[in-house]
Every structure is written in structure tokens, then in C-alpha cells.
Amino acid sequence: MTTQTTDVPPKPADARRSWLREHSELGVCVMLSVLGVLVLTDALTMDVDITQRGPVGPKTVPVVVGIGLLVIAALLAVDVLRGGRGEAEGGEDIDLSEPADWRTVSLLTGVFLGSAVLIEPLGFPVAGALLFWGAAFALGSRRTDRDPLIAAVLSLTTYALFNNLLGVPLPGGPLMGVL
């Protein structure tokens, strides 16, 4: 008695998943493209008549960055579609077989979005301190005696550097009269 083996063609959904898994770097291309379009849109709709003092104005750097993001996204997409693949990181302290730590990623995302929402009503010094403290907590630091103090110093130093030395006004919030 002989047994016959038949090759069953893969289902279309399985083939699509396999193709997407093999070309997962295209997700990075999409992200870079969206970011480039957002940066360009924001830069090109910026009202700069008052601040324009020469041929290079406030629009120049965002336009260059936006175009750079789009070019890199296109070059990466071409490379991926031609079969190029990024090498897996071979760090000595990284176990590539372990799944991502989504709890930490979620905490960092929440802290970042929370500080973005709170920067206008509370000002940069308070929102920045919450950002620095929240990031330290999300990354594993549980030193409640030290971390808030370091976060406050970092935030106030950053505020003073940008606001006073660089001339980039940051929202001061309720502390505007004090600082």
C-alpha cells in the first residue's frame, strides 16, 4: 500500500499573513510616511510673517525634516519590497524569544500623552516633572523619596534653559509669576 502526499495550497488569508509577516518593516514605512506628512502639513500651514527675519525661517527645519522622513520611508519601502530585511538585534542582555513588555510601553505612552494634555493648563514645569517621574516609574524605578525631586530639578532646568537662555517660550502655567 502506498501513501500519496498532496500539497495543499495555503489559504489566501494564511498567504496574506505570511506575506505581511515577511514584510513587517512596511509598518515602519507607513509610520514614517504619516509622520512626514504631518510635519510637512504643520510646517507649511505655519503663520510666520512676524517671525521671518531672513531667508531661513521657522519653516525651514520642519520642511527639511518632513521631506527627509518621506524620502527615508520611500527608500525603506523599496528595500523591503526587494527582499531586504533588518537584522535582529544581537544584544547580549536581550532575549529575542521573549515577547515585548507591553505594560511598560503602555505606561510610557500614557505618561507621554498625559504630559502633552497637561502642558497647557499646568505649564511645562509641572507637566515636565510628571513626565520625568512617570517615565522613571514606568521603567522600573520605585524610589519615591528621590525620583520626584530629580524630576522637578530636570523639569525646572529644562524650562529655564529653553525659556531664558534659548528664548523659546514654554507655558509656565500657574507657576508663571513665580518663575
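**An all-helical chain: group meeting presentation**

On helix α3, the face turned away from the buried side carries three exposed residues, Val61, Val64 and Leu75. I begin with that face and shall then turn to the rest of the chain. Please bear in mind throughout that this is a predicted model.

First, the other side of the same helix. The buried residues of α3 are Gly66, Leu69, Ala73, Ala77 and Val80. They sit on the same side of α3, because the arc they cover around the axis is only 70 degrees. The general background is familiar: an α-helix has 3.6 residues a turn, so residues three or four places apart point the same way. What lies over the buried residues of α3? Part of the cover comes from α2, residues 26-44.

The length of α3 can also be checked. The helix runs over residues 60-81, and its 22 residues should span 32 Å at 1.5 Å a residue; the C-alpha atoms at its ends are 32 Å apart, so expectation and model agree. Just after α3 comes glycine 83, whose phi is positive, at about 105 degrees.

Let me now consider α2 in its own right. With 19 residues, α2 reaches 27 Å from its first C-alpha to its last, close to the 27 Å expected at 1.5 Å a residue. Which residues of α2 are buried? They are Leu26, Cys29, Leu32, Gly36, Leu40 and Ala43. Viewed down the helix axis, these residues fall within an arc of 110 degrees, and they therefore line one face of α2. The face turned away from that buried side carries Val30, Met31, Leu38 and Asp42, which are exposed.

With those two helices in mind, I turn to the whole chain. The protein chain has six helices and zero strands, and from the N terminus on its elements run α-α-α-α-α-α. Of its 179 residues, 19% count as buried. The chain exposes about 13,500 Å², and carbon and sulfur atoms supply 67% of that area. Among contacts between residues at least 6 apart in sequence, 58% join residues at least 24 apart.

Two residues further along illustrate local surroundings. The first is serine 115, which lies in helix α4, residues 102-122. Is serine 115 buried or exposed? Its relative accessible area is 11%, so serine 115 counts as buried, the cut-off being under 20%. Leaving aside neighbours within four places in sequence, serine 115 is in contact with Ala127 and Leu131.

The second is proline 171, in the segment after α6, which covers residues 147-165. Its relative accessibility is 22%, and proline 171 therefore counts as partly exposed. Where does the chain bring this residue? Proline 171 and glutamate 120 are 51 residues apart in sequence, yet their C-alpha atoms are 6.4 Å apart in space. Apart from neighbours within four places in sequence, proline 171 is in contact with Ile119, Glu120, Gly123, Phe124, Pro125 and Tyr159.

I close with the aromatic rings. How many aromatic pairs does the structure hold? The number is zero. There is, however, a charge placed over a ring: arginine 142 lies over the face of phenylalanine 137, at 3.8 Å from the ring centre.

Key: Residues numbered from 1 in each chain as written. Predicted model: local features only at pLDDT ≥ 70, side-chain atom pairs only at ≥ 80, totals over all residues. Heavy atoms only, no water. Helix = DSSP H or I, 4+ residues; strand = E, 2+ residues; numbered from the N terminus. Buried < 20%, exposed > 50% of the residue type's maximum accessible area, 1.4 Å probe, protein only. Contact = heavy atoms within 4.5 Å. Areas by Shrake-Rupley, 256 points an atom, 1.4 Å probe, with all protein chains shown as cover. Expected span 1.5 Å × (residues − 1). Arc of directions from axis to C-beta. Phe/Tyr/Trp six-rings, centres within 6.5 Å; stacked < 30°, edge-to-face > 60°. Lys NZ or Arg CZ within 6 Å of the ring centre and 35° of its normal.
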